[in-house]
Amino acid sequence: MPQVTAITLPDISALRAYRKSGDFLDCYAVRSDMPVRHAAEIITNFPSWAQFLLLIRRIVTAPFGLDNDGPAADDKLGAFPVEAESETEIIAGFDDKHLDFRVSVLSHEGRISLATWVAPHNIGGRLYLAVIMPFHIAIARNALSRVAAAA
């Protein structure tokens, strides 16, 4: 079983520029030399149990007008528009009514890391983040396990 570990976001990540006081930021990593785009595609190809959770999210959040499909973009990873891409990092995500978020997939020093940055706009964003946190952690850890297994 691959060892997924919680780490501090590496200093070289462009996601560091997003963070302000009060924002949420987490980062997990696994040993892998996989190209960053391939890892990002595996990460956003959610298993059926995670797809089911996203369906529940869609149903629950629909009355609040939250974006479930992300804005239109020429380059997307799942529902997430790619905002920046280099040889070692992809940042994707978008701004929504209740929060702004970005994910970073970074290849650095023989590891693939998956970081999530969230800036809640209001109490609804903070409540949403608190409710989804256990699911977020499970999905992130599973995603990196799948990256390691595919290497």
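**From a hairpin to the whole sheet**

Leu77 has Phe80 of strand E4 as its bridge partner. Begin there, in a model that is predicted. The pairing belongs to strands E3 (residues 76-77) and E4 (residues 80-85), which run antiparallel over two bridges. Two residues lie between these strands in the hairpin, and Gly78 takes a positive phi near 65° there.

Now move on along the chain. A second hairpin joins E4 to E5 through three residues. E4 and E5 (residues 89-95) are antiparallel too, joined by three bridges. Ala84 finds its bridge partner in E5, at Ile91. Next comes E6. Seven bridges join E5 to E6, again in the antiparallel sense. Gly93 is matched with Arg102 of E6.

These strands are part of an open sheet. The sheet has seven strands in the order E1-E2-E7-E6-E5-E4-E3, with antiparallel pairing. Which strands stand at the edges? They are E1 (5-6) and E3. Each has a single partner strand, so one side of each is left without a neighbour in the sheet. In a regular strand, side chains alternate between the two faces of the sheet.

Two helices pack on this sheet. Helix H1 touches E3, E4, E5, E6 and strand E7 (111-120). The direction of H1 makes about 130° with that of E6. Helix H3 touches E1, strand E2 (24-31), E6 and E7. The direction of H3 makes about 10° with that of E2.

The helices also pack on each other. Two packed helices are described by the angle between their axes and the distance between the axes. For H1 (residues 36-43) and H3 (residues 123-150), the angle is about 130° and the axes are 9 Å apart. Why is H1 called oblique to H3? Oblique covers angles that are not roughly parallel, antiparallel or perpendicular; roughly perpendicular ends at 115 degrees and roughly antiparallel starts over 145. The angle of about 130° therefore makes H1 oblique to H3. The crossing of H1 past H3 is right-handed. H1 brings Ala39, Ile42 and Ile43 to the contact, and H3 brings Ala143, Leu144, Arg146, Val147 and Ala150. Seven of these contact residues are nonpolar, none is polar and one is charged.

Finally, return to Phe80. The model has three aromatic pairs. One of them joins Phe80 and Phe101: the ring centres are 5.4 Å apart and the planes stand at 80°, so the pair is edge-to-face. Planes over 60 degrees apart count as edge-to-face. Phe80 sits in E4 and Phe101 in E6 (residues 99-108), 21 residues apart, so this pair links distant parts of the chain.

Terms used. Residues numbered from 1 in each chain as written. Predicted model: local features only at pLDDT ≥ 70, side-chain atom pairs only at ≥ 80, totals over all residues. Heavy atoms only, no water. Axes fitted to C-alpha atoms, helices over the stretch in contact; angles between N-to-C directions. Helix = DSSP H or I, 4+ residues; strand = E, 2+ residues; numbered from the N terminus. Parallel < 35°, antiparallel > 145°, perpendicular 65-115°, else oblique. Left-handed = near helix turned anticlockwise from the far one by under 90°. Contact = heavy atoms within 4.5 Å. Nonpolar A, V, L, I, M, F, W, Y, C, P; charged D, E, K, R; others polar. Pairing = 2+ DSSP bridges. Phe/Tyr/Trp six-rings, centres within 6.5 Å; stacked < 30°, edge-to-face > 60°.
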